[in-house]
Amino acid sequence: MRTIIYFSHATRPLSSADLIDLERECATNDGPLRLTGVLLHCDGRFLQLIEGPKGVMRDMWARIQADPRHERFQVVLDRHGRQRCLAMSGMRLIDLSRDVSGATFPAAFNEAAFASDARRALDALLAFCRAH
Ligand SMILES: Cc1cc2nc3c(=O)[nH]c(=O)nc-3n(C[C@H](O)[C@H](O)[C@H](O)COP(=O)(O)O)c2cc1C
């Protein structure tokens with residue numbers, strides 16, 4: 001099982017319809033591929049935790065990185081393990097900017113937090129996902 005967490009920036013503003021399309025794409029592909037995780041969107045930024053079998057992850061990660069909808073990737077975690085970090089079925093999209101205007105990613109799991117203490121930032125992210 002491989003888990004990747006990364007931040008990226010949208011190349012153009014995404015409407016709720018764009019995000020619904022993206023969610024649909026993920027739902028179509030990720031279930032059958034046994035890919036799971038969470039995709040957070042907030043004011044033109046993405047934070048995705050994606051995990052699944054090694055070979056499937058290699059292909060999907062290449063596809064995601066080639067996607068022109070986003071750029072400036074910053075991988076904050078890339079690890080192999082026996083189990084998934086997050087017990088999810090499929091990919092869940094959470095749009096933080098839809099609920100709160102001017103929202104930002106919770107400070108507990110920004111890039112700097114992952115750089116200084118990845119375990120703690122990951123725990124904060126997992127707790128956030130469980131609570132939403
Ligand atoms: C931030 C972001 C996250 C994405 N995550 C996934 C994902 O988890 N699963 C997925 O199938 N596609 C995801 N996509 C879409 C893929 O990049 C790609 O468009 C999709 O898999 C279709 O690929 P294809 O055109 O090569 O068939 C994501 C795109 C973006 C912008």
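Which residue in S5 is the bridge partner of glycine 37? In this predicted model, the partner is methionine 91. That pair is a handy way into the fold, so to speak: below you will find the sheet, the two helices that lie across it and the shell around the ligand.

**The sheet as a whole**
- Five strands make up an open sheet, and reading across it gives the order S4-S1-S3-S2-S5, with mixed pairing.
- At the edges you will find strand S4 (70-80) and strand S5 (91-95), each of which pairs on one side only.
- On average, and with direction ignored, neighbouring strands of this sheet are turned by 15 degrees against each other.

**Strand by strand**
- S2 (residues 36-42) and S5 run parallel and are joined by five bridges; glycine 37 with its partner methionine 91 in S5 is where we came in.
- S2 also pairs with S3, here in an antiparallel fashion, through seven bridges.
- Leucine 39 is found opposite glutamine 48 of S3.
- The hairpin of S2 and S3 has two residues between the strands, and in this hairpin aspartate 43 adopts a positive phi near 50 degrees.
- S1 and S3 run antiparallel as well, with eight bridges joining them.
- For isoleucine 5, the bridge partner in S3 is leucine 49.
- S3 itself is mostly covered, with seven of its eight residues buried.

**Helices across the sheet**
- Helix H1 (residues 16-33) lies across S2, strand S3 (45-52) and S5, and its direction makes an angle of about 160 degrees with S5.
- Helix H2 (residues 54-65) lies across strand S1 (2-10), S3 and S4, running at about 5 degrees to S1.
- S3 is thus a good strand to look at with both helices in view: H1 lies across it, and H2 does too.

**Around the ligand**
- The ligand is surrounded by 18 residues, and the closest are Cys26, Asn29, Phe46, Asp67 and Arg69.
- H1, S3 and H2 each contribute at least two residues to this shell.
- H1 gives the largest share, with five residues.
- By character, the shell residues divide into nine nonpolar, four polar and five charged.

**Pulling it together**
- S3 connects several of these topics: S3 is joined to S1 by eight bridges and to S2 by seven, and S3 supplies at least two residues of the shell around the ligand.
- H1 likewise appears twice, lying across S2, S3 and S5 and providing the largest share of the ligand shell.

Note on methods
Residues are numbered from 1 along each chain as its sequence is written. This is a predicted model: local features need pLDDT of at least 70, side-chain atom pairs count only at pLDDT 80 or more; totals for chains, interfaces and linings use all residues. Two strands pair if DSSP finds at least two bridges between them. Helices (H or I, at least four residues) and strands (E, at least two) are DSSP runs, numbered from the N terminus. Axes are lines fitted to C-alpha atoms, for helices over the stretch in contact, and angles run from 0 to 180 degrees between N-to-C directions. Two residues are in contact if their C-beta atoms, placed from the backbone, lie within 7 Å. A residue is near a molecule or strand if its C-beta atom, placed from the backbone, lies within 6 Å of it. Ala, Val, Leu, Ile, Met, Phe, Trp, Tyr, Cys and Pro count as nonpolar, Asp, Glu, Lys and Arg as charged, and the others, Gly among them, as polar. A residue is buried if 20 or more other C-beta atoms lie within 10 Å of its own, exposed if 12 or fewer, and partly exposed in between; C-beta atoms are placed from the backbone.
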